[in-house]
Amino acid sequence: MEDAFLVRPAARGDLPAIDRIYNDAIRETTATWDEEPWPIARREAWWAEHTADPTTPVLVAEVADEVVGFAYLSWYRPKSGYRFTREDTVYIDPPWHGKGLGRALLSRLVAHAEAVELHTLLAFIDATNTASIRLHASLGFDVIGTEREVGYKFGRWLDATAMQLLLPRGRSRPAKVASPGPGY
Ligand SMILES: CC(C)(COP(=O)(O)OP(=O)(O)OC[C@H]1O[C@@H](n2cnc3c(N)ncnc32)[C@H](O)[C@@H]1OP(=O)(O)O)[C@@H](O)C(=O)NCCC(=O)NCCS
């Protein structure tokens with residue numbers, strides 16, 4: 001590709017760019033089923049939660065010193081029995097779609113998940129979001145089902161495609177993951 005980009009851990013100073021990218025997606029797309037833009041206080045709380053836990057990294061992709069994408073891992077559910085499972089999130093600013101940034105970010109998240117010996121990653125993707133479904137499939141995620149009409153946005157019901165990646169190392173040595181999760 002002709003545009004060089006860098007993937008790196010996020011810093012607090014990246015929060016306005018992350019907020020802009022995500023809030024634009026809320027307003028314009030069904031990639032997220034949030035309907036109201038996040039106030040900065042919510043983003044700050046999210047940042048505090050993610051930076052406190054080495055198993056929930058936040059990454060950004062930048063081009064020419066500008067953040068144009070971000071990705072992170074979140075707890076799937078807070079009960080401690082889910083502690084080896086995370087959900088991924090990836091957003092790229094639309095002008096930078098299709099240039100390899102999403103794959104670079106998600107690959108780094110998978111590598112991080114392996115390094116901290118998580119067992120599985122999940123993604124719940126709007127069923128019409130072909131780009132995200134193919135991105136996840138290209139990195140080894142399998143479609144494990146469809147959650148029918150669990151979302152409602154822009155006046156219509158939405159299906160979620162559930163995708164899963166099992167991480168072989170985490171299966172045998174699930175030792176490094178902190179417990180309990182957020183909310184406990
Ligand atoms: C989905 C998204 C993260 C993909 O990131 P990206 O940087 O555009 O994708 P990449 O250039 O890294 O492409 C990686 C792979 O994804 C798939 N892909 C990406 N865009 C695609 C498209 N428009 N149609 C079909 N497949 C696509 C392809 O498999 C591609 O591999 P290939 O180029 O070898 O065919 C990005 O389009 C995005 O941010 N979309 C809006 C937000 C969103 O949907 N986030 C995910 C919520 S679950």
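Student: What is the make-up, by class, of the shell around the ligand?

Tutor: The shell divides into 10 nonpolar, 8 polar and 3 charged residues, where Ala, Val, Leu, Ile, Met, Phe, Trp, Tyr, Cys and Pro count as nonpolar, Asp, Glu, Lys and Arg as charged, and the others, Gly among them, as polar. The model is predicted, and local features in it need pLDDT of at least 70, side-chain atom pairs count only at pLDDT 80 or more, and totals for chains, interfaces and linings use all residues. Residues are numbered from 1 along each chain as its sequence is written.

Student: How do you know which residues surround the ligand, and which are the closest?

Tutor: A residue is near a molecule if its C-beta atom, placed from the backbone, lies within 6 Å of it; 21 residues surround the ligand, and the closest are Ala31, Gly102, Arg103, Ala131 and Leu135.

Student: Which element gives the most to this shell?

Tutor: Helix α4 does, with 6 residues, while β4 (85-92), α3 (101-115), β5 (120-126) and α4 (130-138) each supply at least two. These elements are DSSP runs numbered from the N terminus, helices being H or I over at least four residues and strands E over at least two.

Student: Why is the crossing of α1 and α2 called right-handed or left-handed?

Tutor: The term is right-handed if the near helix is turned clockwise from the far one by less than a right angle, and left-handed if anticlockwise; α1 passes α2 in the right-handed way. The contact is made by Leu15, Ile18 and Asp19 of α1 with Ile40, Arg43 and Trp47 of α2, contact requiring C-beta atoms, placed from the backbone, within 7 Å. By class, the residues of this contact are 4 nonpolar, no polar and 2 charged.

Student: What makes β1 and β6 edge strands of the sheet?

Tutor: The open sheet has 7 strands in the order β1-β2-β3-β4-β5-β7-β6, with mixed pairing. Strands β1 (6-9) and β6 (142-153) each have a single partner, so one side of each lacks a neighbour in the sheet.

Student: How do you know that β4 pairs with β3 and with β5, and in which sense?

Tutor: Pairing asks for at least two bridges found by DSSP. Strands β3 (66-75) and β4 are joined by 7 bridges and run antiparallel, with Leu73 opposite Asp88 in β4. Strands β4 and β5 have 3 bridges in the parallel sense, and Glu87 stands opposite Leu122 in β5.

Student: What is the hand of the crossover from β4 through α3 to β5, and how is that decided?

Tutor: With the strands pointing away from the viewer, a clockwise path from the first strand over the helix to the second is right-handed, and this β-α-β crossover is right-handed.

Student: In which sense does β7 pair with β5 and with β6?

Tutor: Strands β5 and β7 pair in the antiparallel sense over 7 bridges, with Phe124 opposite Ala162 and Leu122 bridged to Gln164. Strands β6 and β7 also run antiparallel, joined by 8 bridges, and Glu147 stands opposite Ala160 in β7. The hairpin of β6 and β7 has 2 residues between the strands, and there Phe154 takes a positive phi near 55°.

Methods
Contact = placed C-beta atoms within 7 Å.
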